[in-house]
Amino acid sequence: MTDTSRRDRAAARPVMLGQNQYGKAENRVVKITRDGDTHHIKDLNVSVALSGDMEEVHYSGSNANVLPTDTTKNTVYAFAQEYGIESAEQFGIHLARHFVTSQEPIHRARIRIEEYAWERIETSDASSRFIGADEVKHSFVRQGQETRTSQITYDGERWEVISGLKDLTVMNSTHSEFWGYVKDEYTTLKEAYDRILATQVSGRWRFNWTDDAAHMPNWEKSYAQTRKHMLQAFAETYSLSLQQTLYQMGARIINNRSEIDEVRFSLPNKHHFLVDLEPFGLKNDTEDGAVYFAADRPYGLIEGTVLRDGAEPLIPTDLTNL
C-alpha cells in the first residue's frame, strides 16, 4: 500500500489501527540430543510474535501478508531438529532472523522463551546389574521451580536480547536488619535487628550485543556466571533493606559481566514473623533457634533497575509479561 493510499484510507476512517502483532504462543518443545548412551535435554516454551505490514488483514481480512501461526509453530519444531538448541538465546536468534529475512511483510520478530532445567539422577553402584551399564546417563529430575527466560527481538538490522529468570526463591536466615524507617500513627511494625530475609527473584538483564558484526556472547556461560554473581551478592550482603540487596545484586552483575548493560529485579519480600509461643509456656528466639510463621500475603514488593554508567534503560518496568 502506498503512503498516499494509506492517507486516503486514514482520512476516510474515524479510527486507526495501532500497534499489532501475531504469532503462536507457548510452543512446548523438548529436544533430546543423543551422544551415544549419554543424552542431553533442552526443554523450552517458545512464543513467537510477528509484526510488519499487517494493516489489510485487520481492515479487510485479506491474508495475503499473513504467515499462518501454525507455520510458525512448525518452524519452531523443525529448527529444533535442524539446528539443535545450543541455548535459548541462540535458538531465538535463529528463529527471529528466519522470520524477518524470509518474509518481506514481516519487519520485526520477537521470540520469548522459558527454559526448564533438568539434572541427571545419580544412581547407585548396583545400577549396572539392572541395566547393563556402569552409569545411568538418560534419567533426569526437574530442578526446583526456577525458570530461565529469554526474549529476542530483531528488526532486520538490530538485535535486543534480554535474558533472566523467575521463581528463584532465596533466603538469608540472618545478617538482615530493618530499622530507622518512617513512623506515623498507623505504624505497628517493630524494628528488627536480626531477621530472615527471603524473596522470590524475578530478574532480567539486557545484553549490549545488538549487531551481527559484533562478537556474540557465550549465552550458556553468561547465564551461569550471571546467576552465580547474583546469588553470591545476595548471600554476601549484610542487608539493612531489601533495596540495598537488590542494588548489590545488580551491581555485582554489571561489574563482572561486560556483556550486560542493564539489570532489573522484582523482589517480593517473603516475610517471616516470629511466632508468639508464650501462651504455651515456651520461649521463642533462643540461642538454639526460633520458630517463624511464613506469611503468604500481603507482601512488600521491591523493584528496581541497575545500569552501567551511560546505558539507557530499555527493560520494561513491569516484568509481568516479559
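Colleague: In this predicted model, what phi angle does glycine 84 take, and where does this residue lie relative to α3?

Modeller: Glycine 84 comes just after α3 and takes a positive phi of about 75°. The helix that precedes it, α3, covers residues 69–82 and has 14 residues.

Colleague: How do you know that α3 reaches about the span expected of a helix with 14 residues?

Modeller: From its first C-alpha to its last α3 reaches 20 Å, and this is close to the 20 Å expected at 1.5 Å a residue.

Colleague: What makes you say that the buried residues of α3 line one face of the helix?

Modeller: The residues in question are Thr72, Thr75, Val76, Phe79 and Ala80, which are buried in α3. Seen down the axis of α3, these buried residues fall within an arc of 130°, so they line one face of the helix. They pack against β1 (27–35), β2 (38–52) and α4 (88–102), while the face turned away from the buried side carries the exposed residues Gln81 and Glu82.

Colleague: Why is the contact of tryptophan 205 with tyrosine 223 called an aromatic pair, and why tilted?

Modeller: The ring centres are 6.0 Å apart, and a pair requires centres within 6.5 Å, so the two rings qualify as a pair. The angle between the planes is 35°; stacked would need under 30 degrees and edge-to-face over 60, so the pair counts as tilted. Tryptophan 205 lies in strand β6 (residues 197–207) and tyrosine 223 in helix α6 (residues 219–236), so the pair ties together parts that are 18 residues apart in sequence.

Colleague: How do you know that tryptophan 205 and tyrosine 223 count as buried?

Modeller: Buried means under 20% relative accessible area; tryptophan 205 has 1% and tyrosine 223 has 9%, so each of these residues counts as buried.

Colleague: What makes the pair of phenylalanine 207 and tryptophan 219 edge-to-face?

Modeller: The planes of phenylalanine 207 and tryptophan 219 stand 85° apart, with 4.9 Å from centre to centre; because edge-to-face applies to planes over 60 degrees apart, the pair takes that name. Phenylalanine 207 and tryptophan 219 are both buried, and they belong to one aromatic cluster together with Tyr154, Trp159 and Trp209.

Colleague: Why is arginine 97 said to sit over the ring of tyrosine 154?

Modeller: The charged end of arginine 97 is 5.9 Å from the ring centre of tyrosine 154, and the distance limit is 6 Å, so the distance condition is satisfied.

Colleague: Why is the contact of glutamate 115 with lysine 42 called a salt bridge?

Modeller: The closest N and O atoms of glutamate 115 and lysine 42 are 3.0 Å apart, and the limit is 4 Å, so the contact counts as a salt bridge. Glutamate 115 is buried at 10% relative accessible area, and lysine 42 counts as buried at 13%. Lysine 42 also meets glutamate 220 in a salt bridge, at 2.9 Å from N to O. Lysine 42 lies in strand β2 and glutamate 220 in helix α6, so this pair ties together parts that are 178 residues apart in sequence.

Colleague: Why does glutamate 220 count as partly exposed?

Modeller: Its relative accessibility is 29%; buried would require under 20% and exposed over 50%, so glutamate 220 falls in between. Glutamate 220 is linked with Lys42, Glu89, Glu115 and Arg148 in a network of salt bridges.

Notes:
Residues numbered from 1 in each chain as written. Predicted model: local features only at pLDDT ≥ 70, side-chain atom pairs only at ≥ 80, totals over all residues. Heavy atoms only, no water. Helix = DSSP H or I, 4+ residues; strand = E, 2+ residues; numbered from the N terminus. Expected span 1.5 Å × (residues − 1). Buried < 20%, exposed > 50% of the residue type's maximum accessible area, 1.4 Å probe, protein only. Arc of directions from axis to C-beta. Contact = heavy atoms within 4.5 Å. Lys NZ or Arg CZ within 6 Å of the ring centre and 35° of its normal. Salt bridge = Lys/Arg side-chain N within 4 Å of Asp/Glu carboxyl O.
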